[in-house]
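User: Please take a close look at a single part of this structure for me, beginning with one loop. After that, I'd like to hear how the rest of the chain is put together.

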Amino acid sequence: MRKFALVVCILAGSVSCSKDSENSPTISLVGEWVATQPVDDSNLSQLHQYQFNADETLVISTVIENSMTAQTVGFRYRAIGTYEVQKNVLNIDLSEIYFNDDSLENYSNIDDLELSNETRMETITFTLDDKTDLLTLYYPDCSINANCIDSLTLEKTEVD
C-alpha cells in the first residue's frame, strides 16, 4: 500500500510540474519593430528597425526615410545575428555589422554599407506591452563619453 501511495505522489508531482511549465507564458518578439525619430530641419525620419524571425535570427537596421512619401532614402547601420529570449532578458549575438561611412554621406545605399571586423554580444532587458504592441529595450550602462542610449521603445509593424 505504501508503494502505491508513493507512486501516486510521484505521478501527481510530475503532472503538476508539467502543467506549470505548459501554463508559463512564452514571450514572442517575432515580427518587425520600429522606432521613428525625425531628422532635424528636413523631411527625413530615422527608423530603428528590429526584425525578429521565428528561427531566432535577427536583423537590426537604421534606415533614413522620406517622411512625406515613406520611401527609403538610405541606410546608416545594419547588423545580422541571432537572439534568445529568457523571461524579460534578450541575448543578442551580432555576427555581421555594417556601418555607413559618415565622412562621405549621412546615409548610403544598403550595398554600400561597410562590413566591420567587429562582432557584438549584448544582454538587454525589456518590457513588452501586448495591448499597445510596444517593446521597450533597456540597454546596459555605457562608458563615460560614449554615444549611447538608455532605452528605446519600438512599435510592432506587422503581425507574426
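Analyst:
**A loop, and what surrounds it**

K87 sits in the loop between β4 and β5 (helices, H or I of at least four residues, and strands, E of at least two, are DSSP runs numbered from the N terminus). Please keep in mind that this is a predicted model, where local features need pLDDT of at least 70, side-chain atom pairs count only at pLDDT 80 or more, and totals for chains, interfaces and linings use all residues. Residues are numbered from 1 along each chain as its sequence is written, and side-chain values use heavy atoms, leaving out hydrogens and water.

The backbone at K87 is worth a look: its phi is positive, about 55°, although K87 is not a glycine. K87 counts as exposed because its relative accessible area is 74% (buried means under 20%, exposed over 50% and partly exposed in between, with a 1.4 Å probe and protein chains only). D41 has a positive phi too, near 50°, and is likewise not a glycine. You will find D41 in the loop between β1 and β2, and with 83% relative accessibility D41 is exposed.

Now for the wider setting. The protein has one helix and nine strands, and along the sequence the helix leads, followed by the strands, in the pattern α-β-β-β-β-β-β-β-β-β. Of its 160 residues, 28% count as buried. About 11,000 Å² is exposed, with carbon and sulfur atoms supplying 51% of that (Shrake-Rupley method, 1.4 Å probe). Among contacts between residues at least 6 apart in sequence, 38% join residues at least 24 apart (a contact is heavy atoms within 4.5 Å).

Both strands that flank the K87 loop, β4 (72-86) and β5 (89-99), contribute to the largest nonpolar core (buried Ala, Val, Leu, Ile, Met, Phe, Trp, Tyr and Cys residues joined through side-chain atoms within 4.5 Å). This core has 22 residues, and Y50, F52 and L137 touch the most other members. Each of these elements gives two or more residues to the core: β1, β2, β3, β4, β5, β7, β8 and β9. β5 provides the largest share, four residues. Leaving aside residues up to four places away in sequence, Y50 touches ten residues by name: G31, E32, W33, L58, V59, I60, L137, Y139, L152 and L154. There is also a second, separate core of five residues, with V34, L47, V63 and L113 among them.

Strand β2 also holds a polar residue to look at, Q46. Q46 counts as buried because its relative accessible area is 17%. Its side chain makes a polar contact of 3.5 Å with that of H48 (a pair of N or O atoms within 3.5 Å, where one must be able to donate a hydrogen and the other to accept it, and residues adjacent in sequence count only if both atoms are side-chain atoms). Beyond residues up to four places away in sequence, the neighbours Q46 touches include T62, V63 and R76.

R76 brings us back to β4. R76 and D102 form a salt bridge, with the closest N and O atoms 3.1 Å apart (a side-chain nitrogen of Lys or Arg within 4 Å of a carboxyl oxygen of Asp or Glu). The pair spans 26 residues, linking R76 in strand β4 with D102 in the loop between β5 and β6 (114-115). Both ends are partly exposed, D102 at 43% and R76 at 25%. The salt bridges number three, and E118, R120 and E122 share a network of them. R120 meets E118 at 3.0 Å and E122 at 3.9 Å.

Finally, look at β9. In a regular strand the side chains alternate between the two faces of the sheet. Along β9, L152, L154 and K156 point to one face and are buried, while S151, T153 and E155 point to the other and are not. β9 runs antiparallel to β8, joined by five bridges (strands pair if DSSP finds at least two bridges between them). Y138 has S151 as its bridge partner in β9. β9 also pairs with β1 in the antiparallel sense, over two bridges, and V34 stands opposite E155.
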